[in-house]
Amino acid sequence: MQLRQENQHEPNSVQVPATDCIQEESKCEEIAEEDDLQVDAAVTSATLPGESLLAFGELLVAEYRRKEQVEFRKMFQLQAGTQLQSSWGIILHDSIARQPAGRILKTSRGFPILIRRASLEDYVLFMKRGPAIVYPKDAATMLLMMDVTEGDFVLESGSGSGAMSLFLSRAVASTGRVLSVEVREDHHRRAMLNYKHWRTSWSLRGGKEWPDNVLFHNADLCTASSLLDGQGFNAVALDLINPHLVLPTVIPHLHPGAVCAVYLANITQVSDLLEGLRCLALPLLCERIIEVPVRDWLVAPALQKSGQYCTRKAPVMAEEQGEIEKEELTTDAHPAFGSIPYIARPHPEQMSHTAFLVKLRKYVQ
C-alpha cells in the first residue's frame, strides 16, 4: 500500500520499454571508448544493478502454470533463428533474446509462458544423463554432512552424469578443488560434457566465469592408488555400487575427523557397507544413516467454478448451535487481507525414495 501511494504521488516516473533498453545499451557501446564512467551510468539506468538481459547461448527454462500447477516445463538453449515449440504454441527465440529474465511471453496460441534462467537444480534434473543422478535434495544434505566450504579439496568417486561434481564445484569455489574419478569411460565422458556445458552457459550471464576446479579421471580407485599419492582430502563423496571396496584406498588420504558421505540406492547396499566396515576394521564411525523425504503441497485460495473467491463471514452466535462460520461469494476483485479461505493438500505427484545417505567419520586411535 505504501508503494502504491508513492507511485501515485510520482506522476513523472515512467517505465522504460524493452526496446528502449536495447537502444540504450547500443549507445553505451559507442560511448565506451570515450568515457567508461558514462557507460556504467547508462547501463545501470536501463536495468537494476547487477542485472543482465538474456543472451544467445544461455540455458533457459520455459514454464506454463494452470490452476497453481505446472502443466509444461522445458529447459532449452537460446539460439538465433530457432523456436520454442510446445503443445501450447510457439515462441521465437529471437523474441526471447535481450529480454529480462522472468519475463512472461505469449505463445502463438495466446498461452502465457514464463521464461527464466535455468538454475543449477534445473540443469541437473534436465541435463542429458548416463547413469542416475544424485538428486539435488540429497546433494544438499551430503554437502552439509561433509561440511564442504570454500577452499576445500574434495574427492568424489563415481562421477556418473556429473551432478554431484557440479554441486561440489560450487561449494569449494575458485580457491578449492574437486578430484572426480569414474571407472566407466562412457560415464566419464558424459560427466565432462555436462560440466563443460554448464560452465559455457554460466559464462554468458553477465560475463561471470564458473570456476574450472574439477579434475575428472577415468580410473578405478581400487587399483589406481597412485592417483592419490601425496594427496589429502577435506571430504570424500562416494556414489558406488560397492563403496566398501575403495575405502582401504581412500581413507588413508582423508583428514582425521573429516567425513566420508556415501550415496546408496537401497538398504541392501547399506548393510553390505556396514559389513565391509566390520571386516576391514577401518578407523571409521558410522554416525548417521538417513534418507531425505520431500513432500510438495498445494495451497491456494478457495474458488467457485465461476472463478469467484469465497469469503468468510464473521462468526455468528446462535442460541442452540453456538458459533458457526459460513462462506459466501465475493465480487470484489481484490478482497481484503484475511477474508479469503485457503485450501491446502499434498501434491498428487510426490517424489518417492531416491537414496540412503551414510555419514562416516574418520577417527584417530
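Gln-231 counts as partly exposed, with a relative accessibility of 27%, because that value falls between the 20% under which a residue is called buried and the 50% over which a residue is called exposed. The model in which we are looking at this residue is a predicted one, and Gln-231 is a convenient place to enter it. The residue is found in the loop between E9 and E10, and, leaving aside residues up to four places away in sequence, Gln-231 touches Phe-153, Arg-177 and His-253. Gln-231 and Phe-153 are 78 residues apart in sequence, yet their C-alpha atoms are 9.1 Å apart in space.

From this loop we can turn to the sheet. Seven strands form an open sheet in the order E9-E8-E7-E10-E11-E19-E12, and their pairing is mixed. Strand E9 (214–218) and strand E12 (284–290) are the edge strands, each of which pairs on one side only. On average, and with direction ignored, neighbouring strands of this sheet are turned by 15 degrees against each other. As a general point, the strands of a sheet pair through backbone hydrogen bonds, and they may do so either parallel or antiparallel.

Strand E8, residues 177–182, shows the parallel kind of pairing with E9, to which five bridges connect it, and Val-181 stands opposite His-217 in E9. Five bridges also join E7 to E8, and these strands run parallel; here the bridge partner of Glu-156 is Ser-180 in E8. E8 is mostly covered, since five of its six residues are buried. Helix H8, residues 185–203, lies across E8 and E9, and runs at about 160 degrees to E9.

Another helix packs on the sheet. This is H6, residues 136–146, which touches strand E10 (233–238), strand E11 (254–264), E12 and strand E19 (356–362), and whose direction makes about 165 degrees with that of E11. H6 is itself mostly covered, for nine of its eleven residues are buried, among them Pro-136, Ala-139, Leu-143 and Met-146. The cover over these buried residues includes helix H5 (120–126) and helix H7 (163–172), together with E10, E11, E12 and E19. Just after H6 comes Asp-147, which takes a positive phi of about 55 degrees.

Helix H7, which helps to cover H6, may be read in a similar way. Eight of the ten residues of H7 are buried, and therefore this helix is largely enclosed by the rest of the structure. The buried residues include Ala-163, Leu-166, Phe-167 and Val-172, and what covers the buried residues of H7 includes H5, H6, strand E7 (153–157), E8, H8 and E9. H7 is followed by Ala-173, whose phi is positive, near 65 degrees.

After these covered helices, we may finish at the surface, with Tyr-342. This residue has its place in strand E18, residues 342–346, and Tyr-342 is exposed because its relative accessible area is 54%, while the cut-off for calling a residue exposed is over 50%. Together with Trp-297 and Val-299, Tyr-342 makes a nonpolar surface patch of about 360 Å².

Definitions and conventions: Residues are numbered from 1 along each chain as its sequence is written. This is a predicted model: local features need pLDDT of at least 70, side-chain atom pairs count only at pLDDT 80 or more; totals for chains, interfaces and linings use all residues. Side-chain values use heavy atoms; hydrogens and water are left out. Patches are made of residues with over 30% relative accessible area and no salt bridge: like charges are joined within 9 Å, nonpolar side chains (Val, Leu, Ile, Met, Phe, Trp, Tyr) within 5 Å. Accessible areas come from the Shrake-Rupley method with a 1.4 Å probe; for residues, only the protein chains shown count as cover. A salt bridge is a side-chain nitrogen of Lys or Arg within 4 Å of a carboxyl oxygen of Asp or Glu. Helices (H or I, at least four residues) and strands (E, at least two) are DSSP runs, numbered from the N terminus. Buried means under 20% relative accessible area, exposed over 50%, partly exposed in between (1.4 Å probe, protein chains only). Two strands pair if DSSP finds at least two bridges between them. Axes are lines fitted to C-alpha atoms, for helices over the stretch in contact, and angles run from 0 to 180 degrees between N-to-C directions. Contact means heavy atoms within 4.5 Å.
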